[in-house]
Amino acid sequence: MGSGKRSLLAVAVTVVCAVTVLAVPGTAFASPSPTPAPKTASPTAPTTAPDLTAPPATNDDLEAVREKLDELYHDAAVATDAYNAAEEQAKKQSAELVELAKKIVEGREELADLKDRAGAAARSQYRGGGLPDEAQLLLSDDPGDFLDGAGRVIQGQRATNGLLGEMTRTQQDLEQYTRDASAQWQKLENNRKARATAQKTIEKQIAAAEKLESTLEKEEKERLARLQEQAAQKAQTTWLGTGILDDATTGEATAQGTRAVQYATAQIGKPYVWGAEGPDTFDCSGLTSQAWAGAGVTIPRTSQEQWRQLKQVAVKDMRPGDLIIYFDDASHVAMYVGDGTMVHAPRPGRTVTLAGAGSMPILGVVRPGA
């Protein structure tokens, strides 16, 4: 092919590599093994104009673009999971903070009431001549009054001790609630920062992918789409070729599993948007969590927590409604619908769709509601 188009595409891939490596803030949201930019590469656009008459990129060139796009969108998915996890934690911490605030208000009201009662007791003592009940008892000449007074003294002592003890406990509770609220506020602030960091990572990865795709001509984009489809079909064929489903003991979906599948498939055609959980847009775990919520089952919001918390089942035993977790870092999730097919929200720029269950590397299968 002509050197102009090839060099332009190579520079574009190199620039994207360099930008995305610099964009990743740390290992928490980075790809397990990001591709570093070659030391000789310069992250600047070529000074000479590209050769617009050069032949289109070869399939090898487009394959390199496809692999880089997969990497970029995978890293965006990892960051999306981190964003969703921080968002869920922030919701819980906000709710806990509200409850702590209510307890602090109630505790202060209770403490004020106890102090009023203690003040009333002190005023009552003052009106009695300023003498303690014990002294007034000893000055009584009437035996009956003495016996009655003895009982009142004991009751009064118990009441006073109880009042003081209750004030102490209430004060201690207030101090603990205040410390807990401070800790929750700090956690909330940390999660806010985590969400902001993840959001920046997501946006940079997606922007880098879009920049790379923008270097392609219309015909090259169409060929790239065919290459992506062929790669998915090849992976699915290879997966089925292992005989994984030949001896499958796939059972019938439960009533809840059927409702979850119906919900998920009803969303086909709706756009992928990171962090979204419906009703008009979804990310991968937003789709699966909402589908099962529609079936009356609450499951974790993120694909990584779905993998960690839900019951794992063998691939050969999966049934419609089960969730298939993809990649070693559990960064993607789909719902099995039967016959080797799944429904999922793939990535930015795509819509909810059906695809081969083996079109991506499977980590395992989990079963909600088990």
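**View 1. Polar contact between S359 and the backbone of G356.** In this predicted model, a polar atom of the S359 side chain lies 2.7 Å from the backbone oxygen of G356. S359 belongs to the loop that links β5 (353-356) and β6 (362-367). Its relative accessible area is 16%, under the 20% limit, so S359 counts as buried. Leaving aside residues up to four places away in sequence, S359 touches A232, A235, Q236 and M342.

**View 2. The largest nonpolar core.** This core has 31 residues. W292, L323 and M335 are the members with the most contacts inside it. At least two core residues come from each of the helices α2 (59-127), α4 (143-214), α6 (255-266) and α7 (284-294), and the strands β2 (323-326) and β3 (332-338) each supply at least two as well. In soluble globular proteins, nonpolar side chains tend to be buried together.

**View 3. Surroundings of M335.** Not counting residues up to four places away in sequence, M335 touches A260, V261 and A264, together with T288, A291 and W292. The list of its contacts also holds G321, D322 and L323, as well as T341, M342 and V343. Two of these contacts, W292 and L323, are named with M335 as having the most contacts inside the core.

**View 4. Helix α7 and the residue G296.** Eight of the eleven residues of α7 are buried, which leaves the helix mostly covered. The buried positions are C284, S285, G286, L287, T288, S289, A291 and W292. G296, just after α7, takes a positive phi of about 90 degrees.

Technical notes. Residues numbered from 1 in each chain as written. Predicted model: local features only at pLDDT ≥ 70, side-chain atom pairs only at ≥ 80, totals over all residues. Heavy atoms only, no water. Core = buried A, V, L, I, M, F, W, Y, C linked by side-chain atoms within 4.5 Å. Buried < 20%, exposed > 50% of the residue type's maximum accessible area, 1.4 Å probe, protein only. Helix = DSSP H or I, 4+ residues; strand = E, 2+ residues; numbered from the N terminus. Contact = heavy atoms within 4.5 Å. Polar contact = N/O pair within 3.5 Å; in protein donor to acceptor, adjacent residues only side chain to side chain.
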